[in-house]
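Welcome! Below are a few exercises for reading a protein fold, each with a worked solution. Take a good look at the picture before you start.

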Amino acid sequence: MAESNSYEEQRRRQIEENRRKLEELRLHHLSAAVREAAARPKPNPKPRPKRKAPEPGQLRRSGRVTGLPEQPSYLEGAGQRDYRGVYEAYAVWKGPTDEERAGALAKAEELQRRIHRIRCPAFVKPMTHSLAMNAVQMLIPKDFLKYLPAHDEAVVVVDEADDEFHMMYNAHRQGGKHYYLDKGWKGFAFDHDLADGDCLVFHMTERAKFKVYIFRANPDYESDQTSDDSEDEE
């Protein structure tokens, strides 16, 4: 019984001690203040003043300063500048006509027939804009697949100046047979200024070697090349 009274007395003292500490910290006052603040009605926010409508003729949607002098147009006269490549390719010559495409294709097919007469395999590849300018690989026509090996192999492409270009022949068989020339095709197209409408004849002279002949759709290409060569010689 004495032990029970001692425990109760100790518990009462602990409660009194905790109550005294809470009084010192004033926590009950703080919680009451928080409840009181939460119960207060929130004041209505002040309405934002409306912007004044601009006068007619003064409406601007930009923060730039008004009244600046007129800026020069740097595009004016661009057609008079001697830009080789971009300007000449797109502004002067706007791409091949149907007749120019047909002319290049007819010349390429005639050479292909002459090569076939000597019992050598050859195929014609017309150039599109993306194939000549952006593509990293060239798809070989399906009717030429019978002359090609079934595995990947390094090949050499020789141009009309007897310069050699090394490429990779890839045989992709997933989803059908697709044969490509890549890892060198984009550089070949760039070095030879290939353009939309041009036609190439690939003459297979050896197992992994092609001789390539280029027929231009642009009728002014040869004259442009001749003038450039003469300027380089001077």
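**Exercise 1. Against which strands do the buried residues of helix 4 pack?**

Before we start, a word on the ground rules. This is a predicted model, in which local features need pLDDT of at least 70 and side-chain atom pairs count only at pLDDT 80 or more, while totals for chains, interfaces and linings use all residues. Residues are numbered from 1 along each chain as its sequence is written, and side-chain values use heavy atoms, with hydrogens and water left out.

Step 1: find the helix. Helices (H or I, at least four residues) and strands (E, at least two) are DSSP runs, numbered from the N terminus. Helix 4 covers residues 98-117, which is 20 residues. From first C-alpha to last it reaches 29 Å, close to the 28 Å expected at 1.5 Å a residue; the expected span is 1.5 Å times one less than the number of residues.

Step 2: list the buried residues. Buried means under 20% relative accessible area, exposed over 50%, and partly exposed in between (1.4 Å probe, protein chains only). In helix 4, Ala104, Ala108, Leu111, Gln112 and Ile115 are buried. They lie on the same side of helix 4 because they cover an arc of only 105° around the axis, the arc being that of the directions from the helix axis to the C-beta atoms. This fits a general rule: an α-helix has 3.6 residues a turn, so residues three or four places apart point the same way.

Step 3: look at the other face. Turned away from the buried side are the exposed residues Asp98, Glu99 and Arg117.

Step 4: name the partners. The buried residues of helix 4 pack against strand 1 (122-126), strand 6 (199-206) and strand 7 (209-215). Contact here means heavy atoms within 4.5 Å.

**Exercise 2. What is the order of the strands in the open sheet?**

Step 1: read the order. The open sheet of 7 strands has the order 1-6-7-3-4-5-2, with mixed pairing. Two strands pair if DSSP finds at least two bridges between them.

Step 2: find the edges. Strand 1 and strand 2 (137-139) are the edge strands, since each pairs on one side only.

Step 3: add the twist, which averages 30° from one strand to the next. Axes are lines fitted to C-alpha atoms, for helices over the stretch in contact, and angles run from 0 to 180 degrees between N-to-C directions.

Step 4: place the helix. Helix 4 packs on the sheet, and its direction makes about 170° with that of strand 1.

**Exercise 3. How do strand 6 and strand 3 pair with strand 7?**

Step 1: take strand 6. Strand 6 and strand 7 are antiparallel, paired over 7 bridges, and a hairpin joins them through 2 residues. Within this pairing, Lys211 in strand 7 is the bridge partner of His203.

Step 2: take strand 3 (residues 153-158). Strand 3 pairs with strand 7 in the parallel sense over 3 bridges, and Val157 stands opposite Phe210 in strand 7.

Step 3: check the surroundings. Strand 7 is largely enclosed by the rest of the structure, because 5 of its 7 residues are buried.

**Exercise 4. Which parts of the chain does the salt bridge between Arg101 and Asp196 link?**

Step 1: apply the rule. A salt bridge is a side-chain nitrogen of Lys or Arg within 4 Å of a carboxyl oxygen of Asp or Glu. The count by this rule is 8 salt bridges.

Step 2: look at the pair. The closest N and O atoms of Arg101 and Asp196 are 2.7 Å apart. Arg101 sits in helix 4 and Asp196 in the loop between helix 6 (185-191) and strand 6, so the pair links distant parts of the chain, 95 residues apart. Arg101 is partly exposed at 32%, whereas Asp196 is buried at 19%.

Step 3: compare with another pair. Arg13 and Glu9 form a salt bridge with closest N and O atoms 3.3 Å apart. They are 4 residues apart in helix 1 (residues 2-25), separated by about one helical turn. Arg13 is exposed at 56%, while Glu9 is partly exposed at 29%.
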